[in-house]
Amino acid sequence: MKKTSSHAVAGRIKAVGYARVSTPEQAEKDLSLPAQMASIRRYAQDRGLALAGEFVERGVSGTDDNRPEFRRMLEEIYRPNSEVGMVIVTHGSRFMRNATRARVHKEQLRRHGIRVLAIQQTVSDDPNGHFAEGMFELIDQLESETNGVRTRAGMAENARQGYFNGSRPPFGFRVEKIATSAGPKNKLVIEPAEAELVREVFRQYLAGSGAKSTARHMNQRGLLYRKRLWTRDLVLRLVSDTGVVGKYIWGRLDSRGNCIRPESEWIPMVVERIVDDEIFQMVQDLRLRRDPGRNSGRLPSSPLFLAGLLRCSLCGDTCQLESSGKLDPNGEPYRYYNCRKFCRTGKEACAGYRIAVETLDSAIVSHIAEHVFTAERCHEILREFVEDQGILRQKTAEQRRLLERERDELGKRLERWYERIETDSELGDVGAERLRELKAKRDEVLRTLAKLKPMHSVPPYLYKPETIQRFQGRLREAFLGGDRATARVYLQNLVDHIVVGEDEIIIEARAGAALAMMSASGSTPPEATKGEVLADVVDWRPQQGSNLRPWL
Ligand SMILES: [Zn+2]
């Protein structure tokens with residue numbers, strides 16, 4: 001555990017206040033910026049703290065740290081001669097909605113002798129307090145993610161009813177505001193000039209031009225795509241989008257826009273038609289004949305063994321399949337892993353590093369089976385775990401006591417309200433509202449309690465050398481047994497990621513998963529738990545395992 005050196009704190013006697021409200025939250029009265037600042041000022045005054053600055057952020061989400069006022073505040077308090085030793089917020093969620101980022105910032109602030117204090121969630125500055133704070137951060141994140149899900153549900157319903165959620169209409173359409181009983185909504189209507197270009201693209205493509213030459217034809221005649229030049233990709237995207245035949249798809253990409261959702265979650269939205277079904281279908285058939293590989297948009301039939309685990313050592317991006325187009329003696333294309341940036345953008349973005357799929361797969365498999373989880377390393381994982389676990393167990397017990405007390409307190413308050421409602425018929429809606437709030441709070445506490453299971457001691461068999469030997473035996477069997485599907489499951493669980501570089505490959509393993517496997521190897525014969533072991537969460541396991549870094 002890192003300690004703040006006391007002399008660093010000595011000169012930091014002032015505080016700053018930080019208030020934030022996101023756009024959807026602006027409607028909520030408790031969260032208003034004046035209310036937040038008033039509460040911060042009162043808190044500082046009550047404790048004789050001088051408020052050296054007030055930073056007020058309006059209409060900005062707390063999921064990341066890219067916020068102007070937040071940045072300005074950090075700049076201010078990190079100044080070498082700053083006297084600020086405390087950031088006051090009304091609630092941790094104002095500071096940061098993302099638990100990991102909150103951790104990172106708070107740790108850095110702590111090293112400068114600065115604490116973040118949330119008025120509604122005061123915690124002591126000791127191990128128990130830090131643990132409680134971590135819990136609060138996780139709850140804030142959960143809340144934020146739940147809000148995200150709710151927002152998506154609302155937008156999905158909107159799309160189902162035929163209303164457009166985005167701001168930039170697809171090509172061929174414009175947005176028209178419509179007054180409804182639920183307020184103004186956006187509808188997509190045909191933009192005649194653009195729709196004519198859509199039809200022209202379909203005609204060109206059907207007349208035998210490929211996507212590239214269709215784009216060229218359009219550009220040469222000055223028929224641009226919203227002032228931009230057409231490209232091959234723009235043409236392909238347009239001719240394959242069902243929006244032009246009256247079925248616009250909403251929700252294809254996830255909220256961050258960087259990954260495609262499963263097709264079952266797409267929501268078709270009825271719009272006006274620009275192109276006839278027959279024309280559209282003819283283009284799809286033509287496309288399939290012309291370019292069968294590219295059309296499917298699916299991964300190759302055999303999934304990449306190391307998919308999702310590889311990182312480029314030069315730029316940190318993930319690695320993906322790169323196919324040279326040449327065929328090997330069996331008539332199969334040569335397959336390589338290479339940096340995603342290199343594959344998508346080219347060598348200007350990242351030089352990348354190409355390595356044959358088979359070569360890397362085999363090297364990783366044999367290395368993990370033989371070298372990564374040596375007896376010494378297994379012992380080390382175990383030793384670290386036992387230490388951490390003792391502290392964690394103590395904190396869990398303490399946290400449970402706190403939550404149980406809150407649960408009982410809420411129970412009593414609920415009881416009192418029930419009595420009041422029974423005796424006082426005037427109370428009506430106010431009482432009902434209050435009951436709902438209290439119940440919601442108690443449910444939240446109960447849910448948290450359910451997740452926070454009491455921890456047991458480390459089972460003694462874990463310390464036995466046989467356990468580790470058995471674990472290693474299973475790894476060898478899984479990785480060297482020749483069954484790639486099994487090996488892949490083990491790999492995805494035991495390895496966090498693999499960094500691929502020109503002269504070294506770094507495997508970052510997951511200690512927690514290794515421990516879970518060791519415990520399973522020790523307690524039961526391998527056959528009995530085959531296939532389940534890795535999914536099984538043993539309740540004494542750490543929440544997050546520390547990583548170990550074996551070098552290949
Ligand atoms: Zn790269």
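These notebook entries record what I looked up in a predicted model of the protein.

**Entry 1. Overall composition**

I began with the secondary structure of the protein, which comes to 19 helices and 15 strands. I then looked up burial and found that 24% of the 552 residues count as buried. For contacts between residues at least 6 apart in sequence, I noted that 64% join residues at least 24 apart.

**Entry 2. Helix α7**

I turned to α7, which covers residues 192-206. I checked its length against expectation: at 1.5 Å a residue, its 15 residues should span 21 Å, and the end C-alpha atoms are indeed 21 Å apart, so the two values agree.

I next asked which residues of α7 are buried. They are Leu-197, Val-198, Val-201, Phe-202, Gln-204 and Tyr-205. Viewed down the axis of α7, these buried residues fall within an arc of 165°, and therefore they line one face of the helix. On the other side of α7, I recorded Pro-192 and Ala-193 as exposed.

I kept a general point beside this entry: an α-helix has 3.6 residues a turn, so residues three or four places apart point the same way.

**Entry 3. Helix α7 against helix α9**

I looked up how α7 is placed relative to α9, which spans 232-240. Their axes come within 10 Å and cross at roughly 100°. Because angles of 65 to 115 degrees count as roughly perpendicular, α7 is roughly perpendicular to α9.

I also listed the residues that meet where these helices are in contact. From α7 they are Val-198, Val-201, Phe-202 and Tyr-205, and from α9 they are Val-235, Leu-238 and Val-239. I note that Val-198, Val-201, Phe-202 and Tyr-205 also appear among the buried residues of α7.

**Entry 4. Helix α8**

I examined α8, residues 211-220, and found Ala-211, Thr-214, Ala-215 and Met-218 buried. Down the axis of α8 these residues fall within an arc of 100°, so they line one face of the helix. What do the buried residues of α8 pack against? I found that they pack against α7 and α9. Just after α8, I recorded a positive phi of about 75° at Gly-222.

**Entry 5. Sheet of β10, β11 and β12**

I traced an open sheet of three strands in the order β10-β11-β12, paired antiparallel. Its edge strands are β10 (319-327) and β12 (355-356), each of which pairs on one side only. Strand β11, residues 333-339, is joined to β12 by two bridges. I looked up the bridge partner of Tyr-336 in β12 and found Ala-356.

**Entry 6. Hairpin of β13 and β14**

I then followed strand β13 (residues 495-500) to strand β14 (residues 505-510); the two run antiparallel and are joined by five bridges. A hairpin of four residues connects β13 to β14. I noted that Val-495 stands opposite Ala-509 in β14.

**Entry 7. Asp-408**

I located Asp-408 in helix α14, residues 375-423. Is Asp-408 buried or exposed? I found 12 C-beta neighbours inside 10 Å, and the cut-off for exposed is 12 or fewer, so Asp-408 counts as exposed. I last looked up its separation from Arg-442, which lies 34 residues apart from Asp-408 along the chain. The C-alpha atoms of Asp-408 and Arg-442 are separated by 9.0 Å.

Methods
Residues numbered from 1 in each chain as written. Predicted model: local features only at pLDDT ≥ 70, side-chain atom pairs only at ≥ 80, totals over all residues. Buried ≥ 20, exposed ≤ 12 C-beta atoms within 10 Å, placed from the backbone. Arc of directions from axis to C-beta. Contact = placed C-beta atoms within 7 Å. Pairing = 2+ DSSP bridges. Expected span 1.5 Å × (residues − 1). Axes fitted to C-alpha atoms, helices over the stretch in contact; angles between N-to-C directions. Parallel < 35°, antiparallel > 145°, perpendicular 65-115°, else oblique.
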